[in-house]
Amino acid sequence: MRAFLSVLFTLLIFPGFLFLFVCALTFQWIDRKVAARLQGRIGPPWFQPLADFIKLMAKEDILPTGAHKTACALLPMLSLASVLTASLYIPLGGKGVNAFEGDLIVVLFLLSLPALTYFLAGWLSASVYSIIGGNRALLQYFSYEVPFLMVLTGPAVLSGSWSITEIVAWQSRAMWMVLVQPLGFILAIIGLIGKLKRNPLDIPKAKSEIGAGPLTEFSGRKLALWYLMLYMKTVVGIFLLVNLFLGGSGLGLGLPGAVGFALKSLFILLILSVVSVLYARLRIDQLANFGWRVLAPLALAQMLMVVWIGVI
Amino acid sequence: MSNDRITIPIGPQHPALKEPLSFMLTVEGEQVVDSALRLGYVHRGLERICQRRSYVQNVHVVERVCGICSHVHSSTYCQAVETLLELEVPPRGLYLRALLCELERIHSHVLWLGVLAEILGFTTIFMYTWQDREIVLDIMEELSGGRVAHAANIVGGVSIDVDEDQIEDIQERLDNLEPQLARFVDLVHNERSFQARTRGVGLLPTGVARGHCAVGPTARGSGIDVDVRRDTPYGIYDQLSFSVITVDDGDVWARAAVRAEETMESLDLCRQLLKGMPKGSIKTRAPRRVAAGEVVSRSEAPRGEVVYYVRSDGSEQPARVKIRTPTLPALSTLPIQLQGVNTADIPVVLAGVDLCIACADR
């Protein structure tokens with residue numbers, strides 16, 4: 001009974017659903033506030049993300065005729081589930097709940113799943129805008145994902161383990177990965193922006209061009225789940241980069257691990273927010289060019305460098 | 001390949017398009033292969049209304065043709081009626097009229113840059129431009145009491161006046177505005193992601209632009225050196241010095257560059273107008289009845305040449321008022337500009353010509 005309760009606590013409260021939910025809303029608020037201040041606006045009050053979520057949950061849930069009802073209901077849940085599962089492998093100081101040797105690969109796979117569901121949502125929800133958005137989502141996926149995966153293998157190769165916990169441990173013994181692979185860190189941030197479809201890589205959901213992209217026809221609870229998935233993915237993605245490049249929770253200033261981890265996560269969030277207000281949106285062909293002509297060769301160079309360092 | 005063609009409806013209600021016009025675009029993959037345009041969603045019959053109102057009342061009717069360049073419309077109309085009446089408007093009235101026109105140009109161009117930036121996903125610039133546009137709106141409010149519709153023109157002059165304190169205050173506000181406008185010019189010329197999205201998009205070669213009688217920034221962005229203010233000076237424009245900006249590239253970027261630099265020119269014009277403002281009265285008395293005759297009056301609106309044709313039959317009401325707004329030639333160039341563009345660039349091209357469908361439909 002005790003063990004069962006403990007599992008339930010892990011899944012639902014910490015570091016499971018509730019913790020991630022609170023983080024997602026907080027991160028969203030910080031992101032919106034920072035972007036607003038940079039743009040000369042005031043920004044929303046702290047409870048705005050929660051209010052938005054509740055409002056969406058209460059809205060009428062409609063789909064156009066011709067949309068695949070079951071699939072459209074399942075897809076947001078599936079993507080949310082995969083993001084939540086991924087979070088269980090990510091250590092928040094100490095060890096991930098489900099940690100095992102090779103969990104990095106599982107996390108990367110689980111974080112890629114939403115891209116596929118997002119594309120399918122576009123195809124199955126019967127709208128011109130969502131079909132174009134779905135196409136773009138897939139094209140974008142092929143542009144950022146390969147370099148992203150390549151640079152994330154860097155820390156794994158260097159520390160000689162595919163376990164995130166082990167990579168964190170290696171960093172606390174030697175040094176932060178970002179110092180060894182600064183290029184890898186930058187590429188990982190760009191990849192994360194592409195993965196999260198944030199400005200300037202919000203091409204699949206470019207609102208001035210194709211409405212809301214694949215999510216154009218979604219509303220109510222389904223849309224709320226999509227948004228929640230996206231914000232949780234932001235949190236999980238940031239946590240992953242903190243673990244892989246910024247040495248997990250260790251800060252080396254005598255501060256508690258949780259504070260260190262939070263500070264590092266906020267640092268990455270700040271980078272994402274600042275980048276999102278600095279540039280105009282790219283076009284999909286420009287992103288494809290950028291991905292394959294710039295990001296991929298750089299990622300390859302980074303990988304070769306890691307191997308070279310490893311040999312020495 | 002005809003199976004791959006999708007028809008995308010754009011407008012009359014669409015998030016990308018603030019204007020009520022409708023496009024049916026045939027898209028193959030990501031490329032536009034065909035476009036069909038439909039207009040007339042906001043036809044209000046203003047020209048007909050003009051025939052049933054007196055010359056004095058019509059000033060306020062034509063001011064409602066456009067929501068952004070309202071003042072230039074009433075100016076052009078008043079200019080037409082004054083020519084029919086052979087009235088001599090006092091110079092101070094003309095100065096004030098031109099001052100509001102130039103402020104309106106800054107307002108219109110800055111607003112347009114914001115709209116374009118928003119369409120490019122560059123919300124920061126949208127926020128900045130619309131914030132700085134407030135400075136201009138405040139000046140106009142101080143001058144006339146209205147932010148958009150000023151009701152400043154009357155046949156025979158203007159109904160608003162400024163004193164020395166106000167002139168000083170406006171000059172100070174213009175000083176605050178200058179670095180902001182300079183920043184936008186800098187942005188258009190140096191921001192790489194902005195250029196990546198606007199260069200080579202919506203191409204309109206010089207010859208084609210000339211063939212479609214393009215006017216205003218659309219023409220000047222295609223290297224055609226036209227500006228009614230300089231070519232056939234009206235009001236007091238023959239006493240002011242300014243340069244007409246032209247860029248040869250003929251794409252959306254060129255139009256942005258033309259508009260951004262024109263705001264600087266207009267700012268300079270505003271200063272000249274404030275500095276050289278003569279003393280004296282602001283209006284002359286105009287008779288209600290207008291002798292029979294007809295006249296064409298032209299002026300340079302922010303979007304280009306606006307033409308008013310007024311015919312009088314000797315009564316208190318005009319027999320005909322015909323308005324030609326600069327959006328009309330811009331619309332006819334759109335199918336050419338849209339040919340072969342990427343779907344992502346459709347809103348950029350549409351925004352690039354600065355459509356005002358309310359003006360075009362009237």
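What is the strand order of the open sheet of three strands in chain B, and is the pairing parallel or antiparallel? Some notes on that and a few other spots, bearing in mind that this is a predicted model.

1. **The three-stranded sheet.** The order is S1-S2-S3, and the pairing in this open sheet of chain B is antiparallel. At the edges sit S1 (5–10) and S3 (31–38), each of which pairs on one side only. Going from one strand to the next, the twist averages 20 degrees.

2. **The S1/S2 pair up close.** S2 of chain B covers residues 22–28, and six bridges tie S2(B) to S1(B) in the antiparallel sense. If you want a register check, look at B:Thr7: the residue opposite, in S2(B), is B:Thr26.

3. **A hairpin further along chain B.** S7 (residues 304–312) and S8 (residues 318–324) of chain B also run antiparallel, with six bridges joining them. Here the register can be read from B:Tyr309, whose bridge partner in S8(B) is B:Lys322. Five residues lie between the two strands of this hairpin, and in the turn B:Gly314 has a positive phi of about 90 degrees.

4. **The A/B contact.** How many residues of chain B are in contact with chain A? It's 22, and they meet 23 residues of chain A. On the chain B side, S1, H4 (91–119), H5 and H7 (192–198) each supply at least two residues. H5(B) gives the most, with five residues. By class, that side of chain B has 13 nonpolar, seven polar and two charged residues. So S1(B) turns up twice in this note: as an edge strand of the sheet and as a contributor to the side that touches chain A.

5. **B:Tyr128.** Staying with H5 of chain B (residues 123–144), this helix holds B:Tyr128. Is B:Tyr128 buried or exposed? It counts as buried, because 21 other C-beta atoms lie within 10 Å and the cut-off is 20 or more. As for a long-range distance, B:Tyr55 is 73 residues away along the chain, and the C-alpha atoms of B:Tyr128 and B:Tyr55 are separated by 40 Å.

6. **A:Leu300.** Over in chain A, A:Leu300 belongs to H13 (residues 284–311). A:Leu300 comes out as partly exposed because it has 14 other C-beta atoms within 10 Å, which falls between the exposed limit of 12 or fewer and the buried limit of 20 or more. Which separation goes with A:Val151? The two residues are 149 apart in sequence, yet their C-alpha atoms are 8.0 Å apart in space.

Technical notes: Residues are numbered from 1 along each chain as its sequence is written. Chains are lettered from A and ligands numbered from 1 in the order in which they are written. This is a predicted model: local features need pLDDT of at least 70, side-chain atom pairs count only at pLDDT 80 or more; totals for chains, interfaces and linings use all residues. Two strands pair if DSSP finds at least two bridges between them. Helices (H or I, at least four residues) and strands (E, at least two) are DSSP runs, numbered from the N terminus. Axes are lines fitted to C-alpha atoms, for helices over the stretch in contact, and angles run from 0 to 180 degrees between N-to-C directions. Two residues are in contact if their C-beta atoms, placed from the backbone, lie within 7 Å. Ala, Val, Leu, Ile, Met, Phe, Trp, Tyr, Cys and Pro count as nonpolar, Asp, Glu, Lys and Arg as charged, and the others, Gly among them, as polar.
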